[in-house]
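Thanks for coming. I will take a few minutes to walk through one structure, starting with contacts between charged side chains and then moving to the fold as a whole.

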Amino acid sequence: APAMPGLRVLGQIANTYVIAEGPDGMYLIDQHAAHESVLFYRLLRHWEERAAEQQALLEPLPVDLTPEQAEAATTARAKLARFGFALEPFGGRAWLIRGVPVMARQAPPGRLVAELLDGMHGASPAGTPTHWAMAASIACHSAIRAGQALSRQEMEALVDALSRDANPQHCPHGRPTTVRVTTAMLEREFGRA
């Protein structure tokens, strides 16, 4: 069953929020949080199914890692590969990035890999599997930004993906993706109730 009713996209406010109409009122959708949520659950699915979608870089990108990052790269290489990263040692602390997850193809690969490797040291909340933190980071870098103008087609694709996904209520960082204003709330505000 869809987590949200069928929604009709009406437009965008401040290039940040998508407005949609549902059977029970109006929905305001934070486009970054919503897209991040959709991508996060997609990444976790890819992880479980070992079905990463990889985009090979035209030119391998050499990156110089800190000693901590280089150590993390050695241990995390297989985990990163399960998300679609292709990394290989290039001598010393230099590594080559040969591929990235398809969804992250617009993100600067060097910065994304460095952040993921730094996250290997950062304490994830107790009991959170490392790959969840990685998925959250990849999703954040890959998601539509606030302030980005979207075409009607992009808005409809986002709303459609959000309504089909497992848990669209919050992004991986716990921010709400959607605010619902029911028809009853509007009627009260306008003195119609």
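Start with Glu 21 and Arg 8, whose side chains meet in a salt bridge, with 2.5 Å from N to O. Glu 21 sits in strand S2, residues 17–22, and Arg 8 in strand S1, residues 8–13, so this pair ties together parts that are 13 residues apart in sequence. Glu 21 counts as partly exposed, at 37% relative accessibility. I should say now that this is a predicted model, so please hear every value as computed from that model.

How many salt bridges does a search of the whole structure find? The count is six. I will go through two others besides the one I opened with.

The next one is between Asp 30 and Arg 175, where the closest N and O atoms are 3.2 Å apart. This pair links distant parts of the chain, with the two positions 145 residues apart in the numbering. Asp 30 belongs to strand S3, residues 25–30. Arg 175 is in the loop between helix H5, 152–164, and strand S7, 178–182. Buried or exposed: which word fits Asp 30? Asp 30 is buried, because its relative accessible area is 11% and the cut-off for buried is under 20%. Its partner Arg 175 has a relative accessible area of 37%, which means that Arg 175 is partly exposed.

The other one joins Glu 88 and Arg 98, and here the closest N and O atoms are 2.9 Å apart. Glu 88 lies in strand S5, residues 86–89, while Arg 98 lies in strand S6, residues 94–101, so the bridge ties together parts that are ten residues apart in sequence. Glu 88 is partly exposed, at a relative accessible area of 26%. Arg 98 also falls in the partly exposed class, at 37% relative accessibility.

Now to charges on the surface. Which residues gather in a patch of negative charge there? They are Glu 68, Glu 71, Glu 115 and Asp 118. Two elements give two or more residues to this negative patch: helix H2, 67–83, and helix H3, 109–119. If you want one residue to look at, take Glu 68, which lies in helix H2. With a relative accessible area of 44%, Glu 68 is partly exposed. For a sense of distance, compare Glu 68 with Arg 50: the two are 18 residues apart along the chain, and their C-alpha atoms are separated by 27 Å.

Next, the cysteines. The structure holds zero disulfides. Cys 140 is in no disulfide, and the nearest cysteine sulfur to Cys 140 is that of Cys 171, 8.0 Å away. Why does that pair not count? A disulfide is called when two cysteine sulfur atoms are within 2.5 Å, and the sulfur atoms of Cys 140 and Cys 171 are 8.0 Å apart. Seen from the other side, Cys 171 is likewise in no disulfide, with the sulfur of Cys 140 as its nearest cysteine sulfur. As for their surroundings, Cys 140 counts as partly exposed, at 24% relative accessibility, whereas Cys 171 counts as buried, at 5%.

One backbone detail is worth a stop. As background, most residues other than glycine have a negative phi. In the loop between S1 and S2 we find Ala 14, and Ala 14 has a positive phi of about 55° although it is not a glycine. Asn 15 lies in the loop between S1 and S2 as well, and its phi is near 50°, again a positive value in a residue other than glycine. Ala 14 counts as exposed because its relative accessibility is 61%. Asn 15 is partly exposed, with a relative accessible area of 31%.

Last, the overall picture. The protein has six helices and seven strands. Which order do the elements follow from the N terminus on? They run β-β-β-α-β-α-β-β-α-α-α-β-α. Taken along the principal axes, the C-alpha atoms fill a box of roughly 70 × 35 × 30 Å. The protein has 193 residues, and 42% of them count as buried. Among the residues I have named, Asp 30 is one of the buried ones, and Cys 171 is another.

That is the tour. I am happy to go back to any of these places on the screen.

Terms used
Residues numbered from 1 in each chain as written. Predicted model: local features only at pLDDT ≥ 70, side-chain atom pairs only at ≥ 80, totals over all residues. Heavy atoms only, no water. Buried < 20%, exposed > 50% of the residue type's maximum accessible area, 1.4 Å probe, protein only. Patch = residues over 30% accessible without salt bridge, like charges linked within 9 Å, V, L, I, M, F, W, Y side chains within 5 Å. Areas by Shrake-Rupley, 256 points an atom, 1.4 Å probe, with all protein chains shown as cover. Salt bridge = Lys/Arg side-chain N within 4 Å of Asp/Glu carboxyl O. Lys, Arg positive; Asp, Glu negative; His and termini not counted. Charge placed at Lys NZ, Arg CZ, Asp CG, Glu CD. Helix = DSSP H or I, 4+ residues; strand = E, 2+ residues; numbered from the N terminus.
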